[in-house]
Amino acid sequence: MIAADFPGLKVQVSTSLNEVYSPFDGLPAGALRANGWDVYSGAPAPYEQPADVLRRTLRFLYKVFRQYSGQQVVAVTHMDAIQWVTLWALNAPVTVESRTHFAELGLPAGFPADMRGFPVPASLTTIALQEDGQAALVSYQP
């Protein structure tokens with residue numbers, strides 16, 4: 001969709017933005033719902049934990065920052081990557097438990113919009129990476 005609106009835009013795919021690798025891969029949404037949408041608790045290696053998803057998402061962000069410094073980049077990813085990098089940008093703990101406290105961090109209920117009953121399973125989260133490597137949450141739009 002984005003590329004269609006911007007002819008000549010170079011689209012690149014990065015595995016750093018993939019959905020979380022979990023024991024629920026390939027299962028219907030009902031299995032996730034029955035587990036309270038928690039794909040991490042009790043998941044043995046090699047499945048990912050929040051810190052793993054954050055690490056690869058940050059790898060992507062820093063690479064983009066080095067290659068496109070001063071420019072705007074649109075990245076399309078999944079809910080978990082957005083949650084973990086947002087918690088990191090807000091200097092909050094990156095844990096399964098922390099994502100239930102987004103309202104306390106000033107984010108709207110239902111952040112980020114996902115397939116759990118929101119009319120549109122998408123949102124726009126803007127993160128700014130600064131010269132010192134720190135990040136700031138600039139905006140969130142459901």
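User: Hello! Are Y40 and W84 buried or exposed?
Analyst: Welcome! This is a predicted model, where local features need pLDDT of at least 70, side-chain atom pairs count only at pLDDT 80 or more, and totals for chains, interfaces and linings use all residues. Residues are numbered from 1 along each chain as its sequence is written, and side-chain values use heavy atoms, with hydrogens and water left out. Buried means under 20% relative accessible area, exposed over 50%, and partly exposed in between (1.4 Å probe, protein chains only). By that scale, both Y40 and W84 are buried.

User: Which kind of aromatic pair do Y40 and W84 form?
Analyst: Rings of Phe, Tyr and Trp (its six-membered ring) pair if their centres lie within 6.5 Å; planes under 30 degrees apart count as stacked, over 60 as edge-to-face and the rest as tilted. For Y40 and W84, the centres are 5.7 Å apart and the planes 70 degrees, making the pair edge-to-face.

User: How many residues apart in sequence are the parts that this pair ties together?
Analyst: Helices (H or I, at least four residues) and strands (E, at least two) are DSSP runs, numbered from the N terminus. Y40 lies in the loop between α2 and α3, while W84 is in helix α4, so the parts tied together are 44 residues apart.

User: Which element gives the largest share of the largest nonpolar core?
Analyst: A nonpolar core is a set of buried Ala, Val, Leu, Ile, Met, Phe, Trp, Tyr and Cys residues joined through side-chain atoms within 4.5 Å. The largest one has 17 residues, and V39, Y40, V53 and W84 touch the most other members. Two or more residues come from each of α3 (50-67) and α4 (79-89). The largest share, four residues, belongs to α4.

User: Is W37, with its positive phi, buried or exposed?
Analyst: Most residues other than glycine have a negative phi. W37 is not a glycine, yet its phi is about 65 degrees, and it lies in the loop between α2 and α3. Its relative accessible area is 16%, so W37 is buried.

User: And N91, buried or exposed?
Analyst: N91 also has a positive phi, about 60 degrees, without being a glycine. N91 sits in the loop between α4 and β1 (124-129). With a relative accessibility of 66%, N91 is exposed.

User: Which element has the highest mean pLDDT?
Analyst: pLDDT is the predictor's confidence in each residue, from 0 to 100. The protein chain averages 86. Strand β2 (residues 135-141) has the lowest mean among the elements, 79, and the highest, 94, belongs to α3.
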